[in-house]
Amino acid sequence: MKSIAEKLKQFKNNPKDAKFSELCKVCDFYFGNVRQSGSTHKVYKTPWRGDPRINIQNSKGKAKAYQVKQVLKAIERLEVEDGNKK
């Protein structure tokens with residue numbers, strides 16, 4: 001199984017080819033348990049209001065590229081804000 005860092009690198013290099021299940025694992029790692037789960041969507045809670053939001057959709061086993069980019073942006077913001085707290 002790939003590490004979280006390897007998955008993030010893969011997502012950055014090719015967001016169109018991200019597997020939904022792998023994106024879920026990354027979101028679980030950074031944002032905790034899913035807040036809302038529908039048949040095809042999962043919504044994760046972020047420590048801020050507004051964008052970037054974490055709302056990902058399963059599209060035949062793949063994640064939507066624009067949603068992968070939103071997750072990457074949210075992780076970047078999370079890391080910046082955590083760095084400012086130290």
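**Exercise 1. Work out how helix 1 and helix 2 pack: at what angle do their axes cross, and which residues make the contact?**

Step 1: the axes. Helix 1 covers residues 4-13 and helix 2 covers residues 20-31; their axes come within 10 Å and cross at roughly 125 degrees. Helices here are DSSP runs of H or I with at least four residues, strands are E runs of at least two, and both are numbered from the N terminus. An axis is a line fitted to C-alpha atoms, for helices over the stretch in contact, and angles between N-to-C directions run from 0 to 180 degrees.

Step 2: name the angle. That value makes helix 1 oblique to helix 2. The cut-offs: under 35 degrees is roughly parallel, over 145 roughly antiparallel, 65 to 115 roughly perpendicular, and the rest oblique.

Step 3: the hand. The two helices cross in a left-handed way, meaning that the near helix is turned anticlockwise from the far one by less than a right angle (clockwise would be right-handed).

Step 4: the residues. Helix 1 brings Ile4, Lys7, Leu8, Gln10 and Phe11, while helix 2 brings Glu22, Leu23, Lys25, Val26, Phe29 and Tyr30. Contact means heavy atoms within 4.5 Å. Sorted by class, the contact has seven nonpolar, one polar and three charged residues. For that sorting, Ala, Val, Leu, Ile, Met, Phe, Trp, Tyr, Cys and Pro are nonpolar, Asp, Glu, Lys and Arg are charged, and the others, Gly among them, are polar.

A word on the model before going on. It is predicted, so local features need pLDDT of at least 70 and side-chain atom pairs count only at pLDDT 80 or more, while totals for chains, interfaces and linings use all residues. Residues are numbered from 1 along each chain as its sequence is written, and side-chain values use heavy atoms, with hydrogens and water left out.

**Exercise 2. Take Lys2: is it buried or exposed, or somewhere in between, and what does it touch?**

Step 1: place it. Lys2 sits in the segment before helix 1.

Step 2: check accessibility. With a relative accessible area of 37%, Lys2 is partly exposed; buried is under 20%, exposed over 50%, and partly exposed in between (1.4 Å probe, protein chains only).

Step 3: look around. Not counting residues up to four places away in sequence, Lys2 touches Lys7 and Gln10. Its C-alpha is 9.1 Å from that of Glu22, 20 residues away in sequence.

**Exercise 3. Compare two residues of helix 3, Gln67 and Leu78: what are their contacts?**

Step 1: Gln67. This residue is in helix 3 (residues 65-85) and is buried at 3% relative accessible area. Setting aside neighbours within four places in sequence, Gln67 is in contact with Asn55, Ile56 and Gln57. The Gln67 side chain also makes a polar contact of 3.2 Å with the side chain of Tyr66. A polar contact is a pair of N or O atoms within 3.5 Å; within protein, one must be able to donate a hydrogen and the other to accept it, and residues adjacent in sequence count only if both atoms are side-chain atoms.

Step 2: Leu78. Also in helix 3, Leu78 counts as buried at 11%. Beyond its neighbours within four places in sequence, Leu78 contacts Tyr30, Phe31, Pro47 and Trp48.

**Exercise 4. Hunt for backbone oddities: which peptide bond is cis, and which non-glycine has a positive phi?**

Step 1: recall the usual case. Most residues other than glycine have a negative phi, and most peptide bonds are trans.

Step 2: the cis bond. The bond from Asp51 to Pro52 is cis, with omega near -5 degrees. Pro52 is in the loop between strand 2 (41-44) and strand 3 (54-59). Asp51 lies in the loop between strand 2 and strand 3 and is exposed at 56%; its side chain and that of Arg53 are joined by a polar contact of 3.0 Å.

Step 3: the positive phi. Lys60 is not a glycine, yet has a phi of about 60 degrees. Lys60 lies in the loop between strand 3 and strand 4 (62-63) and is exposed, with a relative accessible area of 85%.
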